[in-house]
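Okay, thanks for making room for me today. I'll put the structure up and then just walk you through it, bit by bit.

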Amino acid sequence: MRVAVAEDGALFREGLVMLLRAAGHHVIGWAADGDQLVTLLSTQPADVAILDIRMPPEPDGGLITAQRLRAAHPELGLLFLSHYAESHYLMRILEIGTESIGYRLKEKVGSVDVLTDTLRLIQGGAIDLVRHLLSCNDQPSIKIAE
Amino acid sequence: MVFGSDHRAGARPYKPPVDACRLQEKDQWVCRRLLQRQLHDGAALRISALTLRLGLFRHDAPPEQAALQSCLDELQNELHAVLEELRDVAGKLYPPLLDQAGLGPALWEVADRMGRPVVIVESGERFGAAAEGAAYFAVAECLASLPAGARAVEVVVRRETDELMLSIFGVDARHVHLVDDRARPLGGTVDVVDGNRASAGTITARIPCE
(Lines give C-alpha, C1' and ligand atoms only; values in the text may rest on other atoms or scores of the structure.)
Protein backbone atom coordinates (compact mmCIF):
# COMPACT_ATOMS: atom_id res chain seq x y z
CA MET A 1 0.00 0.00 0.00
CA ARG A 2 1.23 3.51 -0.79
CA VAL A 3 1.14 5.68 2.31
CA ALA A 4 1.95 9.34 3.00
CA VAL A 5 2.56 10.65 6.53
CA ALA A 6 2.06 14.13 7.98
CA GLU A 7 3.11 14.65 11.60
CA ASP A 8 4.97 17.58 13.16
CA GLY A 9 6.61 15.51 15.91
CA ALA A 10 9.84 14.22 14.36
CA LEU A 11 10.30 11.26 16.73
CA PHE A 12 6.77 9.99 16.24
CA ARG A 13 6.92 10.59 12.49
CA GLU A 14 10.16 8.61 12.16
CA GLY A 15 8.78 5.77 14.27
CA LEU A 16 5.62 5.61 12.18
CA VAL A 17 7.56 5.55 8.92
CA MET A 18 9.75 2.70 10.24
CA LEU A 19 6.71 0.73 11.38
CA LEU A 20 4.97 1.24 8.03
CA ARG A 21 8.03 0.02 6.16
CA ALA A 22 8.34 -2.99 8.48
CA ALA A 23 4.72 -3.78 7.65
CA GLY A 24 5.67 -3.84 3.97
CA HIS A 25 4.00 -0.59 2.93
CA HIS A 26 5.53 1.87 0.51
CA VAL A 27 5.95 5.23 2.23
CA ILE A 28 5.82 7.69 -0.66
CA GLY A 29 6.94 10.55 1.58
CA TRP A 30 6.40 12.41 4.82
CA ALA A 31 5.75 15.96 5.88
CA ALA A 32 5.85 18.08 9.04
CA ASP A 33 2.68 20.03 8.21
CA GLY A 34 -0.46 19.95 6.14
CA ASP A 35 0.72 22.24 3.37
CA GLN A 36 3.77 20.05 2.70
CA LEU A 37 1.52 16.99 2.54
CA VAL A 38 -0.77 18.63 -0.03
CA THR A 39 2.27 19.49 -2.16
CA LEU A 40 3.64 15.96 -1.83
CA LEU A 41 0.37 14.34 -2.88
CA SER A 42 -0.04 16.66 -5.84
CA THR A 43 2.90 14.91 -7.51
CA GLN A 44 2.91 11.43 -5.96
CA PRO A 45 -0.22 9.33 -5.63
CA ALA A 46 -0.99 7.42 -2.43
CA ASP A 47 -3.68 5.05 -1.22
CA VAL A 48 -3.87 6.39 2.33
CA ALA A 49 -2.63 9.57 4.02
CA ILE A 50 -1.95 9.48 7.76
CA LEU A 51 -2.47 12.87 9.41
CA ASP A 52 -1.88 14.22 12.90
CA ILE A 53 -4.97 16.25 13.81
CA ARG A 54 -2.99 18.84 15.78
CA MET A 55 -0.23 20.01 13.49
CA PRO A 56 0.46 23.16 11.47
CA PRO A 57 -1.35 25.03 10.12
CA GLU A 58 -2.58 25.45 13.71
CA PRO A 59 -4.67 24.68 15.55
CA ASP A 60 -6.05 21.61 13.80
CA GLY A 61 -4.10 21.46 10.54
CA GLY A 62 -4.85 17.77 10.05
CA LEU A 63 -8.56 18.44 9.61
CA ILE A 64 -8.11 21.47 7.37
CA THR A 65 -5.61 19.55 5.25
CA ALA A 66 -7.93 16.55 5.02
CA GLN A 67 -10.71 18.73 3.62
CA ARG A 68 -8.38 19.92 0.87
CA LEU A 69 -7.17 16.40 0.17
CA ARG A 70 -10.67 14.94 0.05
CA ALA A 71 -11.62 17.58 -2.53
CA ALA A 72 -8.48 17.04 -4.64
CA HIS A 73 -8.19 13.23 -4.26
CA PRO A 74 -11.61 11.74 -3.42
CA GLU A 75 -10.25 8.18 -3.55
CA LEU A 76 -7.48 8.84 -1.02
CA GLY A 77 -8.05 7.14 2.32
CA LEU A 78 -7.52 9.29 5.43
CA LEU A 79 -6.30 8.10 8.81
CA PHE A 80 -6.31 10.71 11.58
CA LEU A 81 -4.09 10.26 14.63
CA SER A 82 -4.43 12.17 17.88
CA HIS A 83 -3.35 12.08 21.52
CA TYR A 84 -6.96 12.63 22.53
CA ALA A 85 -10.17 10.92 21.52
CA GLU A 86 -12.73 13.73 21.37
CA SER A 87 -16.30 13.64 20.09
CA HIS A 88 -15.74 17.15 18.75
CA TYR A 89 -13.08 15.87 16.34
CA LEU A 90 -15.11 12.79 15.49
CA MET A 91 -17.95 15.03 14.31
CA ARG A 92 -15.60 17.15 12.25
CA ILE A 93 -14.07 14.03 10.70
CA LEU A 94 -17.51 12.75 9.77
CA GLU A 95 -18.21 16.09 8.10
CA ILE A 96 -15.18 15.49 5.88
CA GLY A 97 -16.45 12.08 4.84
CA THR A 98 -17.95 8.81 5.90
CA GLU A 99 -15.98 6.54 3.60
CA SER A 100 -12.32 5.48 3.66
CA ILE A 101 -11.67 7.35 6.87
CA GLY A 102 -10.25 6.48 10.28
CA TYR A 103 -9.55 8.09 13.65
CA ARG A 104 -7.16 6.46 16.12
CA LEU A 105 -5.22 7.33 19.23
CA LYS A 106 -1.53 7.64 18.40
CA GLU A 107 -0.34 4.84 20.64
CA LYS A 108 -3.01 2.48 19.32
CA VAL A 109 -1.27 2.07 15.97
CA GLY A 110 1.90 0.81 17.64
CA SER A 111 1.80 -2.66 16.15
CA VAL A 112 2.38 -3.84 12.62
CA ASP A 113 -0.77 -5.96 12.65
CA VAL A 114 -3.08 -3.23 13.99
CA LEU A 115 -1.61 -0.62 11.67
CA THR A 116 -2.00 -2.88 8.64
CA ASP A 117 -5.57 -3.90 9.57
CA THR A 118 -6.52 -0.25 10.03
CA LEU A 119 -5.02 0.81 6.70
CA ARG A 120 -6.67 -2.09 4.86
CA LEU A 121 -10.07 -1.19 6.28
CA ILE A 122 -9.66 2.42 5.21
CA GLN A 123 -8.33 1.56 1.77
CA GLY A 124 -11.32 -0.74 1.33
CA GLY A 125 -13.68 2.17 1.88
CA ALA A 126 -14.58 1.44 5.49
CA ILE A 127 -14.76 3.79 8.43
CA ASP A 128 -12.63 2.94 11.45
CA LEU A 129 -13.09 5.12 14.50
CA VAL A 130 -12.10 5.25 18.14
CA ARG A 131 -14.60 2.82 19.54
CA HIS A 132 -15.47 4.39 22.87
CA LEU A 133 -16.58 7.57 21.10
CA LEU A 134 -19.32 5.62 19.38
CA SER A 135 -20.99 4.44 22.59
CA CYS A 136 -23.98 6.62 23.36
CA ASN A 137 -24.81 7.95 26.80
CA ASP A 138 -28.27 7.40 28.21
CA GLN A 139 -28.90 11.13 28.09
CA PRO A 140 -27.28 12.55 25.00
CA SER A 141 -26.13 16.12 25.11
CA ILE A 142 -27.38 18.70 22.69
CA LYS A 143 -25.27 21.46 21.20
CA ILE A 144 -26.79 24.54 19.66
CA ALA A 145 -24.77 27.17 17.84
CA GLU A 146 -26.08 30.72 17.93
CA MET B 1 8.64 35.65 73.97
CA VAL B 2 5.53 35.33 71.82
CA PHE B 3 6.06 33.32 68.69
CA GLY B 4 4.23 34.28 65.52
CA SER B 5 3.96 37.96 66.35
CA ASP B 6 6.05 40.87 65.25
CA HIS B 7 6.76 43.58 67.78
CA ARG B 8 8.43 46.00 65.42
CA ALA B 9 6.66 49.30 65.49
CA GLY B 10 4.30 49.87 62.57
CA ALA B 11 4.41 46.29 61.28
CA ARG B 12 1.25 45.18 59.46
CA PRO B 13 0.28 42.18 57.36
CA TYR B 14 1.14 42.58 53.70
CA LYS B 15 -1.77 42.43 51.29
CA PRO B 16 -0.92 42.64 47.61
CA PRO B 17 -2.94 45.14 45.60
CA VAL B 18 -6.16 43.75 44.11
CA ASP B 19 -4.88 44.30 40.58
CA ALA B 20 -1.74 42.28 41.34
CA CYS B 21 -3.85 39.39 42.65
CA ARG B 22 -5.98 39.40 39.50
CA LEU B 23 -2.92 39.50 37.30
CA GLN B 24 -1.44 36.59 39.25
CA GLU B 25 -4.68 34.62 38.84
CA LYS B 26 -4.72 35.35 35.12
CA ASP B 27 -1.09 34.24 34.85
CA GLN B 28 -1.78 30.95 36.59
CA TRP B 29 -4.36 30.05 33.91
CA VAL B 30 -1.84 30.88 31.18
CA CYS B 31 0.71 28.77 33.06
CA ARG B 32 -1.73 25.84 33.31
CA ARG B 33 -2.32 26.00 29.57
CA LEU B 34 1.42 26.12 28.93
CA LEU B 35 2.04 23.05 31.12
CA GLN B 36 -0.70 21.16 29.30
CA ARG B 37 0.92 22.01 25.98
CA GLN B 38 4.31 20.89 27.29
CA LEU B 39 2.82 17.56 28.30
CA HIS B 40 1.29 17.13 24.86
CA ASP B 41 4.24 18.25 22.77
CA GLY B 42 6.89 16.75 25.04
CA ALA B 43 6.33 13.71 27.26
CA ALA B 44 3.19 12.40 25.57
CA LEU B 45 4.65 12.63 22.09
CA ARG B 46 7.90 10.95 23.19
CA ILE B 47 6.04 8.11 24.86
CA SER B 48 3.79 7.64 21.82
CA ALA B 49 6.93 7.42 19.67
CA LEU B 50 8.33 4.83 22.09
CA THR B 51 5.24 2.66 21.63
CA LEU B 52 5.96 2.64 17.89
CA ARG B 53 9.59 1.64 18.47
CA LEU B 54 8.45 -1.16 20.75
CA GLY B 55 5.99 -2.24 18.05
CA LEU B 56 8.90 -2.44 15.65
CA PHE B 57 10.95 -4.56 18.09
CA ARG B 58 7.91 -6.76 18.61
CA HIS B 59 7.64 -7.27 14.86
CA ASP B 60 11.33 -8.13 14.57
CA ALA B 61 11.41 -10.46 17.59
CA PRO B 62 11.93 -14.08 16.55
CA PRO B 63 8.65 -16.05 16.70
CA GLU B 64 10.24 -18.71 18.91
CA GLN B 65 11.01 -16.12 21.61
CA ALA B 66 7.53 -15.97 23.08
CA ALA B 67 8.75 -14.61 26.41
CA LEU B 68 10.40 -11.64 24.70
CA GLN B 69 7.28 -10.93 22.65
CA SER B 70 5.14 -11.09 25.77
CA CYS B 71 7.52 -8.74 27.57
CA LEU B 72 7.33 -6.20 24.73
CA ASP B 73 3.52 -6.41 24.76
CA GLU B 74 3.52 -5.71 28.48
CA LEU B 75 5.82 -2.73 28.04
CA GLN B 76 3.55 -1.30 25.37
CA ASN B 77 0.52 -1.74 27.62
CA GLU B 78 2.37 0.00 30.45
CA LEU B 79 3.12 2.94 28.18
CA HIS B 80 -0.54 3.10 27.15
CA ALA B 81 -1.42 3.36 30.84
CA VAL B 82 1.15 6.13 31.34
CA LEU B 83 -0.34 8.06 28.42
CA GLU B 84 -3.81 7.69 29.94
CA GLU B 85 -2.49 9.17 33.19
CA LEU B 86 -0.85 12.04 31.33
CA ARG B 87 -4.15 12.74 29.55
CA ASP B 88 -5.90 12.82 32.90
CA VAL B 89 -3.35 15.27 34.31
CA ALA B 90 -3.52 17.45 31.17
CA GLY B 91 -7.31 17.56 31.42
CA LYS B 92 -7.13 18.69 35.03
CA LEU B 93 -4.56 21.37 34.22
CA TYR B 94 -6.24 22.83 31.17
CA PRO B 95 -8.31 20.63 28.84
CA PRO B 96 -6.61 20.40 25.43
CA LEU B 97 -9.94 20.76 23.64
CA LEU B 98 -10.63 23.99 25.56
CA ASP B 99 -7.25 25.27 24.40
CA GLN B 100 -7.76 24.26 20.78
CA ALA B 101 -11.47 24.64 20.13
CA GLY B 102 -12.84 26.87 22.91
CA LEU B 103 -15.58 26.72 25.51
CA GLY B 104 -18.44 25.31 23.42
CA PRO B 105 -16.75 22.08 22.27
CA ALA B 106 -14.95 21.61 25.61
CA LEU B 107 -18.14 21.98 27.67
CA TRP B 108 -20.05 19.69 25.34
CA GLU B 109 -17.29 17.09 25.69
CA VAL B 110 -17.14 17.21 29.48
CA ALA B 111 -20.92 17.00 29.79
CA ASP B 112 -20.95 14.05 27.43
CA ARG B 113 -18.26 12.26 29.40
CA MET B 114 -20.12 12.83 32.67
CA GLY B 115 -23.35 11.70 31.06
CA ARG B 116 -25.00 14.99 32.08
CA PRO B 117 -27.74 16.37 29.84
CA VAL B 118 -26.84 19.88 28.79
CA VAL B 119 -27.80 22.47 26.22
CA ILE B 120 -24.95 24.80 25.27
CA VAL B 121 -25.61 28.09 23.53
CA GLU B 122 -22.45 29.82 22.31
CA SER B 123 -21.08 31.46 19.21
CA GLY B 124 -17.61 29.95 19.01
CA GLU B 125 -16.00 33.22 20.11
CA ARG B 126 -12.74 33.03 22.09
CA PHE B 127 -12.17 34.86 25.40
CA GLY B 128 -8.56 34.13 26.43
CA ALA B 129 -7.02 31.40 28.58
CA ALA B 130 -8.04 32.80 31.98
CA ALA B 131 -11.72 33.54 31.36
CA GLU B 132 -12.22 30.34 29.39
CA GLY B 133 -10.44 28.25 32.03
CA ALA B 134 -12.45 29.78 34.88
CA ALA B 135 -15.76 29.37 33.03
CA TYR B 136 -14.97 25.80 31.99
CA PHE B 137 -14.10 24.55 35.46
CA ALA B 138 -17.02 26.44 37.02
CA VAL B 139 -19.50 24.73 34.69
CA ALA B 140 -17.76 21.33 34.95
CA GLU B 141 -17.97 21.46 38.75
CA CYS B 142 -21.65 22.48 38.62
CA LEU B 143 -22.38 19.58 36.28
CA ALA B 144 -20.49 17.17 38.54
CA SER B 145 -22.63 18.28 41.49
CA LEU B 146 -25.91 17.48 39.73
CA PRO B 147 -27.86 14.60 41.23
CA ALA B 148 -28.42 11.49 39.14
CA GLY B 149 -31.37 11.88 36.77
CA ALA B 150 -31.26 15.68 36.91
CA ARG B 151 -32.96 17.66 34.15
CA ALA B 152 -30.94 19.27 31.38
CA VAL B 153 -28.82 22.26 32.37
CA GLU B 154 -28.63 25.15 29.92
CA VAL B 155 -25.31 26.98 29.61
CA VAL B 156 -25.17 30.27 27.72
CA VAL B 157 -21.79 31.84 26.89
CA ARG B 158 -21.58 35.25 25.27
CA ARG B 159 -19.54 38.45 25.30
CA GLU B 160 -20.60 41.78 26.75
CA THR B 161 -17.90 44.30 25.82
CA ASP B 162 -14.82 43.09 27.75
CA GLU B 163 -16.58 40.48 29.87
CA LEU B 164 -17.47 36.85 29.32
CA MET B 165 -21.10 36.40 30.39
CA LEU B 166 -21.73 32.89 31.67
CA SER B 167 -25.28 31.87 32.56
CA ILE B 168 -26.11 28.45 33.95
CA PHE B 169 -29.82 27.62 34.11
CA GLY B 170 -31.28 24.65 35.98
CA VAL B 171 -28.73 24.15 38.75
CA ASP B 172 -28.93 24.18 42.53
CA ALA B 173 -28.45 27.80 43.59
CA ARG B 174 -26.49 26.58 46.63
CA HIS B 175 -23.69 25.67 44.24
CA VAL B 176 -23.05 29.32 43.45
CA HIS B 177 -19.75 29.12 45.34
CA LEU B 178 -18.40 26.79 42.63
CA VAL B 179 -18.76 29.59 40.10
CA ASP B 180 -17.78 32.35 42.51
CA ASP B 181 -14.52 30.56 43.42
CA ARG B 182 -13.49 30.66 39.76
CA ALA B 183 -14.83 34.06 38.69
CA ARG B 184 -14.00 36.32 41.65
CA PRO B 185 -10.18 35.88 41.68
CA LEU B 186 -10.18 37.25 38.12
CA GLY B 187 -12.25 40.26 39.16
CA GLY B 188 -15.51 38.70 38.09
CA THR B 189 -18.93 39.04 39.71
CA VAL B 190 -21.59 36.42 40.27
CA ASP B 191 -25.38 36.65 40.67
CA VAL B 192 -27.73 33.89 41.69
CA VAL B 193 -31.49 33.39 41.40
CA ASP B 194 -33.15 30.66 43.49
CA GLY B 195 -35.60 28.52 41.59
CA ASN B 196 -38.90 27.10 42.76
CA ARG B 197 -37.18 23.78 43.41
CA ALA B 198 -33.71 22.51 44.24
CA SER B 199 -32.36 22.26 40.69
CA ALA B 200 -34.06 25.23 39.09
CA GLY B 201 -31.70 28.03 40.02
CA THR B 202 -29.80 30.33 37.73
CA ILE B 203 -26.18 31.37 38.26
CA THR B 204 -24.74 34.18 36.18
CA ALA B 205 -21.10 35.22 36.14
CA ARG B 206 -19.36 38.14 34.47
CA ILE B 207 -15.68 37.41 34.00
CA PRO B 208 -13.18 39.94 32.55
CA CYS B 209 -11.82 38.54 29.31
CA GLU B 210 -9.53 39.31 26.38
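Let's start with B:Thr161, which has 6 C-beta neighbours inside 10 Å and therefore counts as exposed. Just so we're clear from the outset, this is a predicted model. B:Thr161 sits in the loop between S2 and S3 of chain B, and its phi is near 50 degrees, which is positive even though the residue isn't a glycine. Most residues other than glycine have a negative phi, and most peptide bonds are trans. Keep both halves of that in mind for later.

So what's around that loop? S2 of chain B covers residues 153–160, S3 of chain B covers residues 163–171, and the two run antiparallel with 7 bridges joining them. The hairpin they make has 2 residues between the strands, and B:Thr161 with its positive phi belongs to that hairpin. If you want a register marker, B:Val155 stands opposite B:Ile168 in S3(B). S3(B) also pairs with S5 of chain B, residues 201–208, again antiparallel, over 8 bridges. A marker there is B:Met165, whose bridge partner in S5(B) is B:Arg206.

Okay, on to the packing. Which residues have the most contacts inside the largest nonpolar core? They're B:Leu107, B:Ala135, B:Ala138, B:Val139 and B:Ile207, in a core of 46 residues. Helix H5 of chain B, residues 129–144, gives the most to this core, with 12 residues. And where does the core lie relative to the domains? Domain 1 (18–93) and domain 2 (96–208) of chain B both give residues to it, so it lies between them. Zoom in on B:Ala135 for a second: leaving out residues up to four places away in sequence, it touches B:Leu103, B:Val157, B:Leu164, B:Leu166 and B:Ile207. Apart from that core there's another one, of 43 residues, and among them are A:Leu16, A:Ala49, A:Ile50 and B:Ala44.

That brings chain A in, so let's do the contact between the chains. It takes 38 residues from chain B and 30 residues from chain A. On the chain B side, the elements giving two or more residues are helix H1 (18–60), helix H2 (66–93), helix H3 (96–101), helix H4 (103–114) and strand S1 (118–122). H1(B) gives the most, with 14 residues. By type, that side of chain B divides into 19 nonpolar, 12 polar and 7 charged.

While we're on H1 of chain B, B:Arg37 has its place in that helix. Buried, exposed or partly exposed? B:Arg37 has 16 C-beta neighbours inside 10 Å, so it counts as partly exposed. Its C-alpha is separated by 9.8 Å from the C-alpha of B:Pro95, with the two residues 58 apart along the chain.

Last stop, a couple of backbone oddities in chain A. A:Pro56 and A:Pro57 are joined by a cis peptide bond, with omega about -5 degrees. You'll find A:Pro57 in the loop between strand S3 (48–52) and helix H3 (61–72) of chain A. Then there's A:Ser100, another non-glycine with a positive phi, near 50 degrees. That one lies in the loop between helix H4 (87–96) and strand S5 (101–105) of chain A. A:Ser100 has 22 C-beta neighbours inside 10 Å, so it counts as buried, whereas B:Thr161, where we came in, counts as exposed.

That's my tour, so over to you.

Terms used: Residues numbered from 1 in each chain as written. Chains lettered and ligands numbered in written order. Predicted model: local features only at pLDDT ≥ 70, side-chain atom pairs only at ≥ 80, totals over all residues. Pairing = 2+ DSSP bridges. Helix = DSSP H or I, 4+ residues; strand = E, 2+ residues; numbered from the N terminus. Contact = placed C-beta atoms within 7 Å. Nonpolar A, V, L, I, M, F, W, Y, C, P; charged D, E, K, R; others polar. Buried ≥ 20, exposed ≤ 12 C-beta atoms within 10 Å, placed from the backbone. Core = buried A, V, L, I, M, F, W, Y, C linked by C-beta atoms within 7 Å. Domains from an automatic or database assignment.
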